[in-house]
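Hello,

Here is the structure we talked about handing over. My notes on the sheet and on the aromatic contacts follow below it.

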Amino acid sequence: EKISKKPVREIMDTWTKQPGFPLLRVDFPNNKTATIEQSAYSLKGIQSRKGAPAPLLWPIPVSYELPGKKRQSILLSDKSTTITGFAAKKFNVSETGFYRTAYDAKTLLSFGRSIQTKELPTIDRWGLIHNAWALAEAGILPTEVVLEFCKFYTRETDYTVLSEMFAGAVRLGSLYVSEKWYVHYKRFIRSLVSPTIKRLGF
């Protein structure tokens, strides 16, 4: 703490003495404002019940980038906060924060162009699809949105990013292998794989 001048003990106590880790929901009311709200992430989705303990909160170092500027960060200790005066979209830059980031469908799909052009670094392209599948598995993000999002990765050349996308697709497919419409799902997956196969010369 003396060297970093950061509340290290406060942060570490919270992360080591309570279970789970956070989900950060990001909303953009307009092109210069972002609202971020935290809750506990669970594969069972967001749960609340009568008599349940108070919602868990973490002090979260939240990072984001502004156009033409270096990485910015804030410490989110409350349930939510609003950041104004910028047009940033991608939070958790370089996936250095230990939390899930949830965008609405429109915002998530808006990353498509920067994924196709590789304007986003490899780690951030991986992070977006990794989070998307995790949120779908928790019932937080519709599966059809994630499948639509996968289409932006057909030009991807990095192995780790491609393997993350296909691993999620395989996990999903394994749930519906006995369904009559599974053949259509396989056809869709082949359409995602084909550009990579052609590029590699198979």
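**The sheet**

Please keep in mind that this is a predicted model. Four strands make up an open sheet: the 4 strands come in the order E5-E2-E1-E6, and the pairing is mixed. The edges are taken by E5 and E6, each of which has a single partner strand, so one side of each has no neighbour in the sheet. From one strand to the next the twist averages 25°.

Strands of a sheet pair through backbone hydrogen bonds, and the pairing can be parallel or antiparallel. Both kinds occur here, as the mixed pairing says. E2 and E5 run antiparallel and are joined by 5 bridges; one of the residue pairs is Ala 34 with Ile 83, the latter in E5. E1 and E6 run parallel and are joined by 4 bridges. There, Arg 25 has Ala 102 in E6 as its bridge partner.

**Around E6**

Helix H4, residues 122-137, lies across E1 and E6 and runs at about 80° to E6. In a regular strand the side chains alternate between the two faces of the sheet. For E6, both faces are covered: Arg 100 and Ala 102 are buried on one side, Thr 101 and Tyr 103 on the other.

**Aromatic contacts**

The structure holds 9 aromatic pairs. Two of them share Phe 21. In the pair of Phe 21 and Tyr 41, the ring centres are 5.4 Å apart and the planes stand at 35°, so the pair counts as tilted. This pair links distant parts of the chain, 20 residues apart: Phe 21 is in the loop between helix H1 (8-17) and strand E1 (22-30), and Tyr 41 is in the loop between strand E2 (33-40) and strand E3 (60-65).

The pair of Phe 21 and Phe 98 is also tilted, because its ring centres are 4.9 Å apart and its planes are at 40°. Here the separation along the chain is 77 residues, with Phe 98 in the loop between strand E5 (80-84) and strand E6 (100-103). Ring pairs thus link Phe 21, Tyr 41 and Phe 98 into a cluster.

Which members of the cluster are buried and which exposed? Tyr 41 has 11% relative accessibility and so counts as buried, whereas Phe 98, at 54%, counts as exposed.

The cluster also meets the sheet at Arg 100, a residue of E6. The charged end of Arg 100 sits over the ring of Tyr 41, 5.3 Å from its centre.

Regards

Note on methods. Residues are numbered from 1 along each chain as its sequence is written. This is a predicted model: local features need pLDDT of at least 70, side-chain atom pairs count only at pLDDT 80 or more; totals for chains, interfaces and linings use all residues. Side-chain values use heavy atoms; hydrogens and water are left out. Rings of Phe, Tyr and Trp (its six-membered ring) pair if their centres lie within 6.5 Å; planes under 30 degrees apart count as stacked, over 60 as edge-to-face and the rest as tilted. Helices (H or I, at least four residues) and strands (E, at least two) are DSSP runs, numbered from the N terminus. Buried means under 20% relative accessible area, exposed over 50%, partly exposed in between (1.4 Å probe, protein chains only). A charge sits over a ring if NZ of Lys or CZ of Arg is within 6 Å of the ring centre and within 35 degrees of the ring normal. Two strands pair if DSSP finds at least two bridges between them. Axes are lines fitted to C-alpha atoms, for helices over the stretch in contact, and angles run from 0 to 180 degrees between N-to-C directions. Contact means heavy atoms within 4.5 Å.
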